[in-house]
Amino acid sequence: MADQVKLHGTWSSPFVYRVIWALKLKGVPYEYVEEDLFKKSTLLQQYNPVHKKIPVLVHGGKPVCESMIIVEYIDQTWPHKPLLPTDPYEKAIARFWVKFAEDKGSIIGSLFRVSGEEQEKAIKESLEMLKIVEEHGLGEKTFFGGDKIGIVDIAFGAFSHWLGVIEETLGLELLQPNAFPRLHAWTKNFKEVPVIKDNLPDRDKMLVQLKGIREMYLASK
């Protein structure tokens, strides 16, 4: 079918969930294809020959790669319930924070792959990044996009669920309510939205997965 939508992903990836949330918020039906990242399918390598990574959205047989590029593609292809602001200045600001999330968000993801001084450095950088988002990104709004979820909320979505699992895996608490009251409130508001609440990976399964990755890292050291 010309308009058939397929999403290639893996169950625990926050990048895949960015795309899932965008599709769900827009009410776009799609077929989900689970990929084994240790044995990547021929289709995945065909659709994303450069990076061979998920997520990949296939629309009418044409692949689109990289999570936030896919989200913007979805927003432009199905323009109802827009995720990006229409005002040019507000749109530029939203894209700034999306880029910030892309550039800096991986610091938190690296925490369970480092130890000792490297981990201390990663913790310090993570806290600095969270402080910037707290003070300059969110403000007094319920969501980054105002009173409803927008593209920046989707970009920072991993903070709402994955960060807590990483904290538990490592025995840390980065997103403390007294230090980051706005971000802490945002995580609760974000996860209370039905589309988000109904589309999150199982926390217990994620804990098992991350602890396994952590143990493999420590064993390799």
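UniProt positions are given in the numbering used here, feature names are shortened, and annotations may be inferred rather than shown by experiment. The model in these views is predicted.

**View 1. The annotated N-terminal stretch, residues 3-82.** An unreviewed UniProt entry places the feature "domain: GST N-terminal" at these residues. Helix makes up 38% of the chain over residues 3-82, and strand 21%. The C-alpha atoms at the two ends of the stretch lie 20 Å apart.

**View 2. Helix α1 against helix α3.** Helix α1 covers residues 14-26 and helix α3 covers residues 67-77. Their axes come within 8 Å and cross at roughly 10 degrees. Angles under 35 degrees count as roughly parallel, and α1 and α3 are therefore roughly parallel to each other. From α1, the contact takes in Phe15, Arg18, Val19, Ala22, Leu23 and Lys26. From α3, Ser67, Met68, Ile70, Val71, Ile74 and Asp75 take part. By class, the contact holds 8 nonpolar, 1 polar and 3 charged residues.

**View 3. The salt bridge between Lys26 and Asp75.** Side chains of opposite charge can pair when their charged atoms come close. Here the side chains of Lys26 and Asp75 meet at 2.6 Å, N to O. The pair links distant parts of the chain, with Lys26 in helix α1 and Asp75 in helix α3. In sequence they are 49 residues apart. Buried means under 20% relative accessible area. Lys26 has a relative accessible area of 3%, so Lys26 is buried. Asp75 also counts as buried, because its relative accessibility is 9%. By the rule used for such pairs, the count comes to 8 salt bridges.

**View 4. A salt bridge within helix α6: Glu128 and Lys124.** The side chains of Glu128 and Lys124 meet at 2.8 Å, N to O. Helix α6 spans residues 116-138. The two residues are 4 apart in this helix, so about one helical turn separates them. Glu128 counts as partly exposed at 39% relative accessibility. Lys124, at 52%, counts as exposed.

**View 5. Arg182 paired with Glu140.** The closest N and O atoms of this salt bridge are 2.7 Å apart. Arg182 lies in helix α9 (residues 181-192), and Glu140 lies in the loop between α6 and α7 (151-155). The pair therefore ties together parts that are 42 residues apart in sequence. Arg182 is partly exposed, with 29% relative accessibility. Glu140 is exposed, with a relative accessible area of 70%.

**View 6. Asn199 in a loop between two helices.** Asn199 is found between α10 (194-197) and α11 (203-220). Is this loop residue buried or exposed? Asn199 is buried, because its relative accessible area is 17% and buried means under 20%. Leaving aside neighbours within four places in sequence, Asn199 is in contact with Tyr17, Ile20, Trp21 and Lys24.

**View 7. Asp36 in the loop between β2 and α2.** Strand β2 covers residues 31-34, and helix α2 covers 42-47. Asp36 is partly exposed, with a relative accessible area of 41%. How many residues separate Asp36 and Pro194 in sequence? They are 158 residues apart. In space, their C-alpha atoms are 28 Å apart.

Conventions:
Residues are numbered from 1 along each chain as its sequence is written. This is a predicted model: local features need pLDDT of at least 70, side-chain atom pairs count only at pLDDT 80 or more; totals for chains, interfaces and linings use all residues. Side-chain values use heavy atoms; hydrogens and water are left out. Axes are lines fitted to C-alpha atoms, for helices over the stretch in contact, and angles run from 0 to 180 degrees between N-to-C directions. Angles under 35 degrees count as roughly parallel, over 145 as roughly antiparallel, 65 to 115 as roughly perpendicular and the rest as oblique. Contact means heavy atoms within 4.5 Å. Ala, Val, Leu, Ile, Met, Phe, Trp, Tyr, Cys and Pro count as nonpolar, Asp, Glu, Lys and Arg as charged, and the others, Gly among them, as polar. A salt bridge is a side-chain nitrogen of Lys or Arg within 4 Å of a carboxyl oxygen of Asp or Glu. Buried means under 20% relative accessible area, exposed over 50%, partly exposed in between (1.4 Å probe, protein chains only).
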